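Visitor: Got a minute to walk me through this one? I'd like to start with how the chains meet.

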Amino acid sequence: MPLLDIRNLSVSIPTLDGDVHAVRAVSLEIERGEIHGVIGESGCGKTMTGMAVLGLAPKGARIVADRFHFDGEDLRERAAHLRGRRIGMIAQDPAAALNPVLSIARQMDDVIRAHRDLPHRNRRAEAIELLAATGLPDPERVLRSYPHQLSGGMQQRVVIAQALATGADFLIADEPTTALDVSVGAQVLALLRKLVTERGLTVLMITHDMDVIAEACDRATVLYAGRSVETGPVGAVLQSPGHPYTRALLAALPDAAPLGARLAAIEGSIPPPRSVIAGCAFASRCPQALQECAVTPPPERNRAAHRWLCHLPEDAA
Amino acid sequence: MELLRYILRRTFLSAFVLVGVTFLVFVVAQVVPSDPAALYAGPRPTAEQIEKARQELNLDAPLPARFATFAGAMASADFGISYKSRRLIAEDLRAYLPATLELAIFSTGLALLIGIPFGVIAAARQGGWADRLCSFGSIAAVAMPTFFLAMILQLIFAQWLGILPLSGRLSREIAISAPLPMVTGFNLIDALIAGRLEAFGDALTHLILPALTLASYPAGVAMRLTRSAMIEILERRHIVAARALGLSEPRILFGHALPNAMGPALTVIGLSFAYALTGAVLIEIIFAWPGLGRYVSEAILAKDFPVIAAVTMVVTICYVVMNLLIDITQALVDPRVALS
Amino acid sequence: MKKLVQRLGWPGTVALIIILVFVLVALLAPWIAPYPLQGAGGPNVAAKLSPPSADYWLGTDHLGRDILSRIVYGTRVSLTNGMLIVAFSLLIGLPIGLAAGYFGGWIDEALMRGTDVFLAFPALLLAVLMAAALGPGFLNSVIAVAVTWWPWYARLARAEVLVLRGQPYVEAAQLSGVSHWRIILRHILPATGRPLTVQAALDVGPALLTAAALSFLGLGVLPPTADWGQMVDAGRKFFPARWWYSAMPGLTIFAIALAFSVLGDALRDRKGGTGRASA
């Protein structure tokens, strides 16, 4: 049984101008001990999916799903309870995720204290140990610091240490490297890999960057316009993508194009979030679109554990 | 460096403002339609007495010279003598200023203690009934005439319930038969110094009603400022992150969000202190509180202008210094202030 | 009406209606007051200090005058007081703010530092000082409060002008040699005037509250003219036994100040765009 099991999740937010469909139909199966990448352009619903799992969707949002389970517990009822106990979050911008006016010691201590009943001295030792586990060189000094006195990479390590301090075994990492330098980002990804093997964690990695998928993930799910359109082991998805959108994404990578050639940008734009989509959401932009693509929902096709939704026959891929 | 420059600049501006304030008070004193010499000379003065008073008060000297004398006297805290009582104003102030300061400081604390938590609650329940109730309460507190609120509180707590004294600063038994030795002039502190708990309690119960009256307006303002600051802060990422880390809601509100709202809180301290100082003019009469407010309102009736000018000067100085301190604190807490 | 509710919300609309009713009462005082003569100050000693009754809905004062009639007449004093304070303040503050913002440089510096001096005083105290110097009386109390009030408008006007001064049409006018006077009158004043007038209209509430405080201290209009603040003060001698004497005018001041406050809140909400548009 997968640790996180989501089938046909939709999140819609009612406004005066009609419902905003932030997530339309996302299915996600994440096994214990893997890093599962969720990739898509901004506005594809990847962050909202993460927020829904954390129970932090905006007030008034309507969450509907055929199945929305974490380790057998229904997230619609248990998300608030699981959050911070078993499910943790690593935010995009560590500078924004840390409270600017509180010391790191205070912020670490608050998290540890919220989860375990320990005397102050032990909590401090625990904080030092966790900071060291994230590879921070001088934990004692870091504890005395305020966020603005740390570099971006150090801040992100503190954020990861906080997530570990909750005791969570499932982490949602929302673009954990976007705000960092490329080399620092790579170090953070390596750290996450290491923590997954050493501590038996499971990570849901939200990103818009194929490199991150290739570098750090075991399996990946591609999201487009609030729908999961393709999922499978990273090797299969990257080397023989099934969905035309995934192929377009890969073609848009800098190293996919010959040196000096223009990047293949995807023509057109994603459907507006308030619209109702009858067929395949990518139909209007798809170079290989058939007539039925805009009208009927695409069927699922698969090669072993690699699955995608498309009208095109499998060999066209 | 930026910080030091900012502090120096603000201090200089405050000093400049105080000179301007002195000048303004002097100018206003010149337009008094009644003749100060006639007042000074006592009841039914003869022409000779008035002339003598005129010389004593140096009223015939040219204006610039008189301003110089006036400013010099103000700078050395020599406020002259009251036309009416002929007592040294500086001496009166020494007795009255602590009484008013005690009231002002106490009510400022009360305003923060009431306003900030309610502002936090309103922000946490934005749009809910608790928010609406708090918001309406703050509007009502701001619109309430202070002098009227004073009377209502007296009616409820002193007349009907009888749990708090109607007026005064100390009970008669203590004030007359066993007066407190005056060390600081603050009754609460003097009572503690003398080790007399019963006097401390007595002084405290006398403080509550006037302080509550003065606190209502700034508490309303504090509530609104805190609410709007908190609403903005609660949407920040680090609050979402704190939730995701499983911190309890009270801990997030008061431990993580509120410390980010210290800026508005400091503003409120200045505001309520100023309000308490001036509001004292209105409510010290009602509560028979022997402070600057009652002093000045008696002077108003007697047209005792030097007293009015002196009180205006002293209170304005307190106010300017307070604002200076708050600006500097704010710059120390948040260095961005100094840069703008 | 529906549009109004949409713009202001229910509380704002009710507040606006209350203010309009007060204006109407002020205009029609002699026809509305049950005892116009007493409202204007005529004594009625036979009925002194009677509690609220069918004859005297809100009771009578120490000279037997009907409190309701006194309050109705007092509306005239309070509203004109508030409006005159704001008008005087605009008259002083607007030109100073315009000049400071438009000309900039040392003119700006000099004018704004001068303004700072006035702002350095706790407002009520400066008003008390002025009123004490000028002596009691209606116009004097208006001047006394206006002296503490105008710096805010000077600051507001200056801030508005600073935004406008950079506008292309103003710069174009300057380049084509239009006189400063014409630019200020034609381009700057109309654009600054609007937001300032709205602010000023809302300030009538706080202004009359301050004026009431002055008259409570005996620095307002002279008897026998009816004035709310003065009535609260006069009733204090008979409080709480004859509570209605102070309470009725006190509640009236509270009601009108509250109406202005709620209306201001409603307008601010809409302007800031933080209405309850989203769920």
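Guide: Sure, and keep in mind that this is a predicted model. Between chains B and C, 37 residues of chain B are in contact with 36 residues of chain C.

Visitor: Which element gives the most to the chain B side there?

Guide: That's H1(B), with seven residues. Other helices of chain B give two or more residues to that side too, including H6 (129-143), H7 (146-160) and H15 (305-333).

Visitor: And by class, what's on that side of chain B?

Guide: You get 30 nonpolar and seven polar residues, with no charged ones.

Visitor: OK, now chain A. How many of its residues are in contact with chain B?

Guide: 21 residues of chain A are, and they meet 16 residues of chain B. Strand S7 (87-90), helix H3 (94-97) and helix H4 (104-115) of chain A each give two or more residues, and H4(A) gives the most, with four. The class count for this side of chain A is eleven nonpolar, six polar and four charged.

Visitor: Switching topic: which residues are on the covered face of S5(A)?

Guide: Phe68(A) and Phe70(A), while Arg67(A) and His69(A) are on the uncovered face.

Visitor: What does S5(A) pair with?

Guide: S1(A), antiparallel over four bridges, with Leu4(A) opposite Phe70(A). S5(A) also pairs with S6(A), again in the antiparallel sense, over two bridges. There His69(A) has Asp74(A) as its bridge partner.

Visitor: What's in the turn between S5(A) and S6(A)?

Guide: The two strands form a hairpin with two residues between them, and Asp71(A) in the turn has a positive phi of about 50 degrees.

Note on methods:
Residues are numbered from 1 along each chain as its sequence is written. Chains are lettered from A and ligands numbered from 1 in the order in which they are written. This is a predicted model: local features need pLDDT of at least 70, side-chain atom pairs count only at pLDDT 80 or more; totals for chains, interfaces and linings use all residues. Two residues are in contact if their C-beta atoms, placed from the backbone, lie within 7 Å. Ala, Val, Leu, Ile, Met, Phe, Trp, Tyr, Cys and Pro count as nonpolar, Asp, Glu, Lys and Arg as charged, and the others, Gly among them, as polar. A residue is buried if 20 or more other C-beta atoms lie within 10 Å of its own, exposed if 12 or fewer, and partly exposed in between; C-beta atoms are placed from the backbone. Two strands pair if DSSP finds at least two bridges between them.
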